[in-house]
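Here are a few notes from going through this one. Have a look at the structure, then see whether you read it the way I do.

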Amino acid sequence: VQLMESGGGWVQAGGSLRLSCSASGSIASIDAMGWYRQGPENERELVARLVGDNTADYADFVKGRFTISRDNAKNTVYLQMNNLKPEDTADYYCNARDWSDADDYEYEFWGQGTQVTVSS
């Protein structure tokens, strides 16, 4: 599966952006789809993910501000980001993880990332 992010850009604090992650194949059966971010001089960290039966899991620092969703018909995962803060400035990456019983292996895929800059 190839993943391509879009929707990043520059926004003032308090503003909103919606990131999209388009997959080259079907995401309907993928075990987990999520968003990670990596800011300057920081390690990559989980922002939000959808697992199993579409259960959403959020990092504490985005709870109440960000919403993750998926549209299986469009093979796309979204991240709606509201009330953005300067500390949300980072490169945002789409991630897919899928367990293969046949291979006894968890496959993991990453997009190239999209940059989000929030000015104060």
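1. Let's start with a loop: Asp 104 sits between strand 9 (90-100) and strand 10 (105-110). Bear in mind that this is a predicted model.

2. The backbone at Asp 104 caught my eye, as its phi is near 50 degrees, a positive value in a residue other than glycine. Is Asp 104 buried or exposed? Asp 104 has a relative accessible area of 56%, and the cut-off for exposed is over 50%, so Asp 104 counts as exposed.

3. There is another residue to check for the backbone. Asn 75 is not a glycine either, yet its phi is positive, at about 50 degrees. You'll find Asn 75 in the loop that links strand 7 and strand 8.

4. Now to the sheet. Four strands form an open sheet with antiparallel pairing, and their order is 1-3-8-7. Why do strand 1 (3-6) and strand 7 (66-71) each have one side without a neighbour in the sheet? Both stand at the edges and have a single partner strand each, so nothing in the sheet flanks that side. As for the twist, neighbouring strands here are turned against each other by 15 degrees on average, ignoring direction.

5. Within that order, have a look at strand 3 and strand 8. Strand 3 covers residues 17-23 and strand 8 covers residues 76-81, and the two pair in the antiparallel sense over six bridges. If you want a spot to anchor your view, take Cys 21: its bridge partner in strand 8 is Val 77.

Technical notes. Residues numbered from 1 in each chain as written. Predicted model: local features only at pLDDT ≥ 70, side-chain atom pairs only at ≥ 80, totals over all residues. Heavy atoms only, no water. Pairing = 2+ DSSP bridges. Axes fitted to C-alpha atoms, helices over the stretch in contact; angles between N-to-C directions. Buried < 20%, exposed > 50% of the residue type's maximum accessible area, 1.4 Å probe, protein only.
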